[in-house]
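Me: I'd like to go through this one and ask what each label rests on. Can we start with overall dimensions?

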Amino acid sequence: MSQKFKVRKLRDQKPEELLKDLEKLKGELIQLRTSKVSAGNAQKLGRIGLVRKRIAKYLTVINQQRRDQVKSTTKSNGKLPVDLRGKQTRAIRQRLTRSERAQKTDRQWKRLNNFPLRKFALKE
């Protein structure tokens with residue numbers, strides 16, 4: 001395992017293959033942890049970190065593929081799931097839309113219609 005692990009290769013694999021490899025890695029991690037408890041050699045202990053990072057890379061690629069798939073399927077109806085929408089700030093997410101801001105109550109409409117702005121003629 002002297003070579004550096006490339007995520008580029010993972011992106012080309014199918015999700016089923018990724019999940020199968022992920023299960024193998026999880027099994028390897030369990031074996032390494034049991035050998036750690038039973039006073040294993042230092043070489044195996046150093047490998048725990050590498051296996052954990054590799055598992056994280058697999059999970060990242062799997063999640064990215066799932067998100068891309070959901071984005072492509074929901075592109076037609078225009079409504080993304082909440083976790084795929086932009087985070088923004090709480091204030092921006094909760095503020096009124098343009099149409100909601102433009103709405104007026106009955107009382108406001110009556111006031112606008114019955115009492116329009118006055119026009120003043122200026123003397124010279």
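Reply: Sure. The radius of gyration here is taken over C-alpha atoms, and the globule rule is 2.2 Å times the number of residues to the power 0.38. For a compact globule of 124 residues that rule gives a value near 14 Å, but the protein chain has 30 Å. Its C-alpha atoms fill a box of roughly 100 × 35 × 30 Å along the principal axes. Bear in mind that this is a predicted model, where local features need pLDDT of at least 70, side-chain atom pairs count only at pLDDT 80 or more, and totals for chains, interfaces and linings use all residues. Residues are numbered from 1 along each chain as its sequence is written, and side-chain values use heavy atoms, with hydrogens and water left out.

Me: What makes Glu-28 and Arg-47 a salt bridge?

Reply: The term asks for a side-chain nitrogen of Lys or Arg within 4 Å of a carboxyl oxygen of Asp or Glu. The closest N and O atoms of Glu-28 and Arg-47 are 2.4 Å apart, so the pair qualifies. Glu-28 sits in helix H2 (residues 15-37) and Arg-47 in helix H3 (residues 42-74), 19 residues apart. Helices are DSSP runs of H or I with at least four residues, strands are runs of E with at least two, and both are numbered from the N terminus. A search of the whole structure finds 1 salt bridge.

Me: Why is Glu-28 called partly exposed?

Reply: Buried means under 20% relative accessible area, exposed over 50%, and partly exposed in between (1.4 Å probe, protein chains only). Glu-28 has 22%, so it lands in the middle class. Arg-47, with 23%, is partly exposed too.

Me: What makes up the largest nonpolar core?

Reply: There are 12 residues in it, including Leu-29, Ile-48, Val-51 and Ile-55. To count, they must be buried Ala, Val, Leu, Ile, Met, Phe, Trp, Tyr or Cys, joined through side-chain atoms within 4.5 Å. H3 gives the most, with 6 residues. Leaving aside neighbours within four places in sequence, Leu-29 is in contact (heavy atoms within 4.5 Å) with Ile-48, Val-51, Arg-52 and Ile-55.

Me: How do you know that H2 is close to its expected span?

Reply: The expected span is 1.5 Å times one less than the number of residues. H2 has 23 residues and reaches 33 Å from its first C-alpha to its last, close to the 33 Å expected. Just after H2, Ala-39 takes a positive phi of about 55°.
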